[in-house]
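Please work through the exercises below with the structure open beside you, and try each task before you read its solution.

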2 protein chains.
Amino acid sequence: MRRVAIVGTGHTKFMFNSPKSGVELLAEASMDAINGSGLKPKDIQAIYCGNVLGDFSEGQGMIQSYLADDIGCFNVPASRFEGACASATMAIRDAYTWVASGFYDIVLVGGTEKATAMGTPLATRTFAMFSDGRYEYPSGITFPAVFAMLAHLYSKRYNIPLEKLKETLALVSVQSHEYGVKNPNAQFQKEITTEQVLRGFMVSSPLQLLDCCPFSDGAAALVVASEDVAKKLTDKPIYITGVGQASSGKLSAQYKYLPRLRAREVSVKQAYDMSGLKPEDIDVCELHDCFSIASLIAAESLGFAEFGKAGELWEKGETRIGGKIPINVSGGLKSKGHPIGATGASQAYEIVRQLRGELVDQGRQVEGAKVGLVDTLGGDGVIVSLILSAD
Amino acid sequence: MRRVAIVGTGHTKFMFNSPKSGVELLAEASMDAINGSGLKPKDIQAIYCGNVLGDFSEGQGMIQSYLADDIGCFNVPASRFEGACASATMAIRDAYTWVASGFYDIVLVGGTEKATAMGTPLATRTFAMFSDGRYEYPSGITFPAVFAMLAHLYSKRYNIPLEKLKETLALVSVQSHEYGVKNPNAQFQKEITTEQVLRGFMVSSPLQLLDCCPFSDGAAALVVASEDVAKKLTDKPIYITGVGQASSGKLSAQYKYLPRLRAREVSVKQAYDMSGLKPEDIDVCELHDCFSIASLIAAESLGFAEFGKAGELWEKGETRIGGKIPINVSGGLKSKGHPIGATGASQAYEIVRQLRGELVDQGRQVEGAKVGLVDTLGGDGVIVSLILSAD
């Protein structure tokens with residue numbers, strides 16, 4: 001298997017009610033990635049695309065085929081992946097294998113979503129299709145409820161009083177907004193305080209409004225190439241050195257293991273083993289913070305803290321730039337936004353820019369970062385993990 | 001790249017209003033494929049799954065994750081592909097690469113669909129999401145209209161009077177029903193006459209009811225393995241010797257080329273080149289006959305007839321068992337049924353069984369068949385081609 005690198009990146013502004021279609025958003029991000037790689041659309045040999053709700057939000061399925069034609073990648077193979085919020089990371093992992101195996105030299109991968117067009121109540125119901133629709137959704141379980149239950153379980157299992165946990169969780173959101181302000185692509189451009197989080201209206205106890213990421217529209221894209229080609233295109237290729245993916249079934253099938261997600265532990269182990277790296281080797285991480293509690297749960301399974309102890313990372317500032325493991329210094333899903341089919345590509349975009357040292361001007365560069373980790377959670381149990389390295 | 005083989009197959013009955021869920025249908029087909037391969041669920045290293053409408057028809061996205069858990073393939077990577085009606089063939093092509101590259105030795109691939117639960121009028125509108133939803137669907141274009149326009153174009157371009165063309169198209173449907181009767185999995189189990197086709201009610205001129213495939217529920221699955229593993233599991237491995245995929249954009253972007261689909265010609269060339277085979281080497285073919293006219297258009301681009309001449313194949317019986325190129329002797333989409341996300345896997349299932357010589361008892365075995373071709377069309381422009389060989 002050949003080494004594979006990311007050579008170009010593109011990212012739209014994440015926002016509420018974008019005037020652009022899902023195809024247009026991804027076309028914008030894709031052309032930025034292609035042009036930024038010094039390539040032309042005709043150089044792209046295949047397209048891998050994450051999209052979850054195009055059918056529901058715009059009446060447009062098979063979005064990748066229209067994208068390919070619109071940007072001038074005529075008649076290339078173009079595939080859509082759906083693994084809920086992990087769709088685009090799934091597409092990246094797949095693109096990795098097609099290039100690593102020697103089948104293609106240069107491919108485009110990205111994700112796009114219009115998640116706000118349908119309005120918030122319908123969006124919550126629609127998102128719930130990516131939990132178990134047979135037994136669990138009919139019981140009234142939407143994702144705020146899933147993560148609220150995980151927060152209660154977390155509190156109980158690790159013996160952390162709920163009020164104390166809520167204060168820690170507030171710190172997660174506060175940090176995300178602080179960095180979101182520095183990210184021009186972020187949906188939210190204002191700082192918030194712990195007090196604002198704790199005074200917010202209750203969404204699903206104990207999670208309040210500012211514990212929850214927003215619905216968003218947006219897209220992100222990457223050009224992926226074989227090492228040989230990458231070295232000709234850029235002096236800063238960012239290698240994909242580890243990939244992992246695993247799935248769980250419905251939440252009720254996981255009850256003994258929760259609030260830990262076994263799929264995450266399986267997936268990230270694959271990525272660590274493949275890259276020969278350990279959690280302490282990671283310089284910067286983008287993890288799936290759809291709700292504040294999700295950050296703590298993820299940080300532990302990724303190996304950055306003992307189980308039940310991740311809150312201390314945020315309390316001590318270890319997740320900030322300059323800390324032990326900077327996490328979501330893009331603003332994360334919470335502040336940058338969460339256009340679900342695009343999120344994995346956006347996370348990888350952020351890590352690539354960090355490893356290329358391109359975020360100094362934005363005041364959120366992790367100095368000397370060489371290795372980054374991407375963690376995406378789809379629904380209640382699909383995990384994709386990527387390890388990216390500057391060399 | 002290693003050689004890759006299909007070692008086991010599973011297929012549910014295709015039907016209207018199945019009482020089973022999409023996950024249950026695919027679980028049934030998958031377990032048949034796994035058991036038939038002499039394997040256990042724990043032997044499956046990854047799952048690749050086609051599904052198009054799970055969200056709409058059952059409120060269930062990310063169907064692959066629940067399947068994996070339900071059949072005991074715990075925590076494996078499971079990906080869903082959406083390329084409209086070509087979703088499952090897209091999944092097979094992807095599974096091929098993951099095994100050929102040495103990443104996995106044994107994977108499960110399949111597709112499932114519940115396309116009838118929503119009722120016919122909504123189904124037609126829902127299917128139309130897989131044509132261009134921005135400009136074309138708002139003009140009133142559903143798929144019957146797309147293929148009706150292609151029939152008119154075909155008539156005009158090749159100077160075949162419409163009434164004559166309709167008689168030829170009727171033969172396509174008549175043959176499909178004749179073989180469908182012999183296929184226990186087929187949705188329709190009755191023969192029809194040319195007169196019945198021509199007397200049917202008009203759906204979209206010139207296409208009448210019996211020119212159109214039905215909406216269907218069903219699933220199909222295959223176990224795919226590396227050559228080494230395959231030889232240990234079966235004395236009849238069926239090798240995937242050629243794969244191809246290509247996409248077009250919206251129909252209006254293809255206007256100069258229609259009724260030919262450039263994507264099909266690009267895709268099947270990839271498969272022929274990769275396998276080193278030509279159209280005349282194909283012993284049996286399953287092609288995408290969503291409408292009778294689609295069969296003629298496909299047969300020409302696949303190389304079985306000159307452009308404008310495919311009708312003669314059906315008129316002369318060359319598409320029958322014993323003819324030059326037996327086509328859709330499963331009953332095809334027309335009579336076997338068309339559960340869209342499952343269709344590609346069903347086509348591959350049929351070819352595998354032909355190449356293994358397993359259809360003698362059903363009275364539709366193509367004697368001595370060694371090489372087969374699968375052609376699937378998704379929406380108005382995604383094509384996946386597979387060439388399967390008995391050695």
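The exercises that follow concern a predicted model, and each is solved step by step.

**Exercise 1.** Work out which kind of axis relates chain B to chain A.

*Solution.* Begin with the general idea that two copies of a chain are related by a rotation about an axis and a shift along it. Here, a turn of 180° with a shift of 0.0 Å along the axis lays chain B on chain A with an RMSD of 0.0 Å. That is the relation of a two-fold axis. As a last step, consider the interface: 100% of the interface residues of chain B are also interface residues in chain A, so the copies meet through the same surface.

**Exercise 2.** Check the span of helix 10 of chain A, and find what its buried residues pack against.

*Solution.* Helix 10 covers residues 262-275 of chain A, and at 1.5 Å a residue its 14 residues should span 20 Å, which agrees with the 20 Å between its end C-alpha atoms. Its buried residues include A:Val266, A:Val268 and A:Tyr272. The buried residues of helix 10 of chain A pack against strand 8, helix 11, strand 10 and strand 11 of chain A. After the helix comes A:Gly276, with a positive phi near 70°.

**Exercise 3.** Describe how helix 6 and helix 11 of chain A pack.

*Solution.* The axes of these two helices of chain A are 9 Å apart, and the angle is about 55°. Helix 6 and helix 11 of chain A are therefore oblique to each other. The contact is made by A:Phe147, A:Leu150, A:Ala151 and A:Tyr154 of helix 6 with A:Ile293, A:Ala294, A:Leu296 and A:Ile297 of helix 11.

Methods
Residues are numbered from 1 along each chain as its sequence is written. Chains are lettered from A and ligands numbered from 1 in the order in which they are written. This is a predicted model: local features need pLDDT of at least 70, side-chain atom pairs count only at pLDDT 80 or more; totals for chains, interfaces and linings use all residues. Copies are superposed by least squares on the C-alpha atoms of residues with pLDDT of at least 70 in both. Two residues are in contact if their C-beta atoms, placed from the backbone, lie within 7 Å. Helices (H or I, at least four residues) and strands (E, at least two) are DSSP runs, numbered from the N terminus. The expected span of a helix is 1.5 Å times one less than its number of residues. A residue is buried if 20 or more other C-beta atoms lie within 10 Å of its own, exposed if 12 or fewer, and partly exposed in between; C-beta atoms are placed from the backbone. Axes are lines fitted to C-alpha atoms, for helices over the stretch in contact, and angles run from 0 to 180 degrees between N-to-C directions. Angles under 35 degrees count as roughly parallel, over 145 as roughly antiparallel, 65 to 115 as roughly perpendicular and the rest as oblique.
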